[in-house]
Amino acid sequence: MPAFAQYDVRDGVAVITIDNPPVNAIGPGVLEAIEESVERGVADPGVRALVLIGAGATFVAGADINIFRALTTREQALEGTAMMHARFRRIEDASKPAIAAIHGHALGGGLELAMACHYRIAANDARVGQPEVLLGLIPGAGGTQRLPRLCGPVMALDMCTGGQPVAAPKALASGILDRIVDGNRQNLIDAALAFARERAAGGEIRRTRDRADKLADIDAARRACDERRAALEPIAQNPAPYAAINAIEAACMLPFDAGSALERELFADCVLSDASRALVHLFFAEREAAKVAGVSRDTPTLDIGRAAVLGAGRLGGGIARTYVDAGIPVLLKDVSQAALAREMQTIRRSYQSSVLNGTLTPEAVERRMALITPTTALDEFDTVDIVTEALVEDLKVKTSVFADLGCATRAGCLLASTTATFDVDELARASGRPASVIGHHYFRPAYTMPLIEIVRGRGTGPEVVATSLKLVKRLGKVGVVVGHCVDLVANRMLASYVREAYLLLDEGASARQIDRALTRFGMPAGPFAMEDVADIDVARIRQQVRQHGVKRRAATRGAVTEDEIVGRITTALASEGAHVLKEGCASRPGDIDIICCYGFGFPRARGGPMYYAHNQRLTTDD
Ligand code: 3H9
């Protein structure tokens, strides 16, 4: 059995190093090993305090998510969560001060473990969070009970219903952490050892479950929970945010043990829900998407220090902003000085709205604007590591530009096209540097839409694919590698969605009925309302559908139910997905699921069209 926890005594303090690569997830045996080490430290007369720290790059990223896939019964779920509660309780009961030393992330069960310790010290760039809701879950190892006791119910509600991690300085200010430290992991260990000795010297042990000050105002807590319930946007089929509110409300109203018992019940409800199964599927599909044939972990990548964008339209401007948001300086080139001036204004205006809503300071806006250099010439293109072409969809224009780029940039510079229409191989040929050419298909507005389709040409080098995947992550987006097909995967899937909607219209359903059925299903907008609210090529797709006509399937027109509408549309999507896979444009059904969820808002709690169709089939076959 691997040693999931190393035990080492340093001058009277036991350092327990949690070691389960890559992210120290709490899988089978991990918690047992931690608990054994804690018991050993408590029993050791030479030990006055304990420090728990993660090996590698992070503290603990939570319970091992694979475990949830294997759960089939409520009893199993209850048994699992009861076991974690009991182990955390025993750690909390330790008679010597236990300090969690957090670097990287303390997420989910990782933060729950840290909160079961008596104190928490963290590196100042560490992040802590309860992201379970993003997996259709609630914290199931005491998080909903301990977190509000540390930071108060309002922030606990934010964290458990939103799932976003909190940076260490904010966690310190709110009471989740007790101290933060500058520097690397070694500095953190040193500071944790000193902190542990201080606590031991003072004989101090502070158990989170006994703290009540932040929960004293019961009326305010109840109001906060009610307001949060009312403010929740309905998320199709995902019960987790509501369950999180109920559990936090219980933390405010009930003693710790009673609240914990309710949390376990609510967790068991969530973990067996369809939404959780679907969201867990997407979690792993997203990680799988980063694994690409012919590209390994060792494939060399280029560090992108400076970028260029060709075309100062809305797409080009949005891409430039995406780069500077990630701290990468960018040349924004257009032949028209007026277009450049206009787009710089647009970017500034979009930043100003961030100032108004408090997410950016005016100084930060100036710093970001200063990272964009507008230009009408290719002069400085030999200084950049990537060029992204965002010009009009005209093959002649694009091939001529790629020929110029092949000469104006240095060898190794990535040449990316945003085209969804043309084959990147044609652009690769024109450039004279086929290995450097790749597609980066953005969705508008580029700086907010999370997806980039990475189009691998026949000659694209593996290091260019690897660099693109790394870059996309740095830009804060999700990348999926696809092969060429006209319109690529997202738009093609979307076209099948719109096409089927027209067929339904033809068969007697009304546009309003179709839109309503699909928004109830969880789509952000129905196919007929979509062109009013979305900024992807829906209008063009609709035009194509009208031009090519739709094959009428029914001879009769008549009443169509909402269930039929959803069934027809999801089947059409899955069937288009099957063609996409057969043609080799996507490698895995999961890739298509991610593309549809991030590209045009297929409800995540349904897992994507391929997952949904597969599950529906299984259910029907049953
Ligand atoms: C929970 O804790 C419930 C509790 O309340 C208890 C209930 C009873 N499990 O993302 P990356 C793998 S629910 C298993 O590429 P990064 C991941 O699959 C959990 N595996 O790295 C990948 O494997 P591979 C709550 C996990 O540096 C590898 O680690 N916690 C887990 O970009 C690298 O992942 C969360 O939801 C896990 N928990 O980001 C946190 N986490 O190499 C989920 C990661 O084979 N994790 N893996 O493809 C994350 O958010 C990110 O992984 C993290 C690192 C930010 C930690």
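Colleague: How many salt bridges does the rule find across the interface of domain 2 and domain 3?

Modeller: The rule finds 0 salt bridges across that interface. Keep in mind that this is a predicted model. The general idea is that side chains of opposite charge can pair when their charged atoms come close. Polar contacts are counted separately, and across the interface of domain 2 and domain 3 there are 3 residue pairs in polar contact, both residues being at pLDDT 80 or more.

Colleague: Which elements give two or more residues to the side of domain 2 that touches domain 3?

Modeller: They are β16 (451–455) and β17 (478–482). β17 gives the most, with 4 residues. By class, the residues on this side of domain 2 divide into 10 nonpolar, 2 polar and 3 charged.

Colleague: Where do these domains sit along the chain, and what are their bounds?

Modeller: The protein chain is divided into domain 1 (5–272), domain 2 (307–483) and domain 3 (489–621). For domain 2 and domain 3, the C-alpha centres lie 30 Å apart. Their contact takes 15 residues from domain 2 and 13 residues from domain 3.

Colleague: How do I read the area that domain 2 and domain 3 bury between them?

Modeller: Take the total, then ask which atoms and residues supply it. Here domain 2 and domain 3 bury about 1,100 Å² between them, and 59% of it is on carbon and sulfur atoms. On the domain 2 side, Arg444, Leu451 and Val480 lose the most area to domain 3 and together make up 35% of what that side buries.

Colleague: Back to charges. How many salt bridges does the count come to by this rule?

Modeller: The count comes to 37 salt bridges. One of them joins Asp269 and Arg74, with the closest N and O atoms 2.5 Å apart. This pair links distant parts of the chain: Asp269 is in helix α11 (residues 256–271) and Arg74 is in helix α3 (residues 74–92), 195 residues apart.

Colleague: Now the ligand. Which residues come nearest?

Modeller: Of the 27 residues around the ligand, Gly109, Glu112, Glu132, Lys291 and Lys473 come nearest. For the polar contacts, check whether the protein atom belongs to the backbone or to a side chain. Lys473 uses a polar side-chain atom, which lies 2.6 Å from an oxygen atom of the ligand.

Colleague: What about the backbone of Ala63 and Ile65?

Modeller: In Ala63, a backbone N or O atom lies 2.8 Å from an oxygen atom of the ligand. In Ile65, a polar backbone atom is 3.0 Å from a nitrogen atom of the ligand.

Note on methods. Residues are numbered from 1 along each chain as its sequence is written. This is a predicted model: local features need pLDDT of at least 70, side-chain atom pairs count only at pLDDT 80 or more; totals for chains, interfaces and linings use all residues. Side-chain values use heavy atoms; hydrogens and water are left out. Domain bounds come from an automatic or database domain assignment. Contact means heavy atoms within 4.5 Å. Buried area is the accessible area (1.4 Å probe) that two parts lose on being put together, summed over both. A salt bridge is a side-chain nitrogen of Lys or Arg within 4 Å of a carboxyl oxygen of Asp or Glu. A polar contact is a pair of N or O atoms within 3.5 Å; within protein, one must be able to donate a hydrogen and the other to accept it, and residues adjacent in sequence count only if both atoms are side-chain atoms. Ala, Val, Leu, Ile, Met, Phe, Trp, Tyr, Cys and Pro count as nonpolar, Asp, Glu, Lys and Arg as charged, and the others, Gly among them, as polar. A residue is near a molecule or strand if one of its heavy atoms lies within 4 Å of it.
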